[in-house]
Amino acid sequence: MPTNLSYAPVDFLNVPDGAGIRDSMSKRVIILGSTGSIGRNTLDVLARLDDEWEVAGLAAGSRGQELAEQANRFRPAAVAIACDELAAEARRTLQYGPKIFAGPEALTRLVDEVEADCVVCAVVGVCGLLATLRAVELGRRVALANKEAMVVAGSLMMPLARRTGATIIPVDSEHSAIFQALQAGRREDVHKVFLTASGGPFRTWSVEAMEEVTLKEALRHPTWNMGPKITIDSATMMNKALEIVEARWLFDLRSDQIDVVIHPESIVHSMVEFNDGSIVAQLGAPDMRTPIQYALTYPRRRPCPSPRLDLCQTGQLTFHAPDPGQFPAIRLGHEVARRGGTCGAVLNAANEAAVELFRAGAIAYRDIARFTERALREHDFVESPTLDELLNADRMARQKVTRCTTC
Ligand code: MG
């Protein structure tokens, strides 16, 4: 039986309840990225859970005033913020005296110095990586919304979690669905997983029409309401590429065990197919509060503010295979999951840089995948990278993409 899975379904862990959070103790939660969409939803979930839950720390990279308003309401012992000016902005609004960490190491120091049972890692991009690794190192329960951390450093994070006993529970809706579906069987009996994808706004567009996509069009997502970076990633399906890599590390799967299925209704959040041909799916209204709450309360299931699903109202659920010409990102995701090493860092960084250029109007929509692919092909591959080598691969990939615009 493979034992290299830190998320281990309940029967493997042999602890019927708790899995890192005992019911009798207060449940202290740190939220990294509290002013983003996942962070706000986490606070909404926590506000409705019972009084045993408490916010131990809040961190944000922008919106100092909003961070302070959140702190005034939830009264964490400490807050962290990216820079001094924002800290000053927060201080003006704070109505009490929490400890304030400011500067580039603020996130890691918050995780380090504030006692907590669970750390919600919801910082977008690679900047949340170090703090996430620190939470894993401390053996905390990690509710992982920052998929980039797993994409870049899954090869370090999963072995670290096994050593420290940290429980990593995905918040990404697809991976939460897989995590939930996995409870129905044994790890060695998994045949494959299906990541569902809404298909984004360009699902029905021709390849030619997609050459002309504008920023405004790319920012219009049909089902999920998210930040701009992830909305563009959904349109290009780079989001799905990152999710393929995330699933590869999180669930210790081979690249060929991960399929992407377009499911425009976004009701089936993902599926696991077992060896006997049975497919177990998790369904629900598209509302991030469900996977967030599950990551906090697992293995318990508490009443949740997400709307209930009425399948008769929903009517049809449809599924089809993605067109590789329309969405080249999926091929890149499989390639990166297969090769491992520094590829995850390059995929993530090159895409981040390309999305920024697209948002600035410097490159076309289709160039996002083109530039990312080029950065992958031309990078100095390291098979078993250290953290420094991963961060270096990240830097080099960003430079590469920026240089591409001038060549
Ligand atoms: Mg997702």
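In this predicted model, strands S6 and S7 run parallel to each other and are joined by four bridges. Within that pairing, Arg141 has Thr167 of S7 as its bridge partner. On the other side, S6 (residues 141-144) pairs with strand S5 (residues 118-121), again in the parallel sense and over four bridges. Cys118 stands opposite Arg141 of S6, and Val119 stands opposite Val142 of S6. Both faces of S6 are covered. Arg141 and Ala143 point to one side, Val142 and Leu144 to the other, and each of these four residues is buried.

**The sheet**

These strands belong to an open sheet of seven, with the order S4-S3-S2-S1-S5-S6-S7 and parallel pairing. The edges are formed by strand S4 (99-102) and strand S7 (167-170), each of which pairs on one side only. On average, neighbouring strands of the sheet are turned by 20° against each other, with direction ignored. Helix H4 (residues 84-93) packs on this sheet and touches strand S3 (78-81) as well as S4. The direction of H4 makes about 155° with that of S4.

**The magnesium site**

Which protein residues act as donors to the magnesium ion? They are Asp172 (OD), Glu174 (OE) and Glu243 (OE), at 2.0 to 2.2 Å from the ion. Along the sequence, the spacing of the donor residues is D-x1-E-x68-E. Asp172 and Glu174 are both buried.

**A helix pair**

Two packed helices are described by the angle between their axes and the distance between the axes. For helix H16 (residues 343-359) and helix H18 (residues 387-404), the angle is about 35° and the axes are 8 Å apart. Their crossing is right-handed. The H16 side of the contact consists of Ala345, Val346, Asn348, Ala349, Ala350, Glu352, Ala353, Ala354 and Leu357. These meet Leu390, Ala393, Asp394, Ala397, Arg398, Val401 and Thr402 in H18. Sorted by class, the contact comprises eleven nonpolar, two polar and three charged residues.

**Backbone features in loops**

Two arginines have a positive phi although neither is a glycine. The table sets out their values.

| Residue | Phi | Loop | Relative accessibility |
|---|---|---|---|
| Arg63 | near 55° | between S2 (53-60) and H3 (64-74) | 42% |
| Arg75 | about 50° | between H3 and S3 | 41% |

Are these side chains to be classed as buried, partly exposed or exposed? The buried class ends at 20% relative accessible area and the exposed class begins over 50%. Arg63, at 42%, therefore counts as partly exposed. Arg75 is also partly exposed, because its relative accessibility is 41%.

Where is there a cis peptide bond? It joins Tyr298 and Pro299, with omega at about 5°. Pro299 is placed in the loop between helix H13 (289-297) and helix H14 (311-314).

Terms used
Residues numbered from 1 in each chain as written. Predicted model: local features only at pLDDT ≥ 70, side-chain atom pairs only at ≥ 80, totals over all residues. Heavy atoms only, no water. Axes fitted to C-alpha atoms, helices over the stretch in contact; angles between N-to-C directions. Helix = DSSP H or I, 4+ residues; strand = E, 2+ residues; numbered from the N terminus. Left-handed = near helix turned anticlockwise from the far one by under 90°. Contact = heavy atoms within 4.5 Å. Nonpolar A, V, L, I, M, F, W, Y, C, P; charged D, E, K, R; others polar. Donors = N, O, S within 2.8 Å, 3.2 Å for Na, K, Ca; no water. Buried < 20%, exposed > 50% of the residue type's maximum accessible area, 1.4 Å probe, protein only. Pairing = 2+ DSSP bridges.
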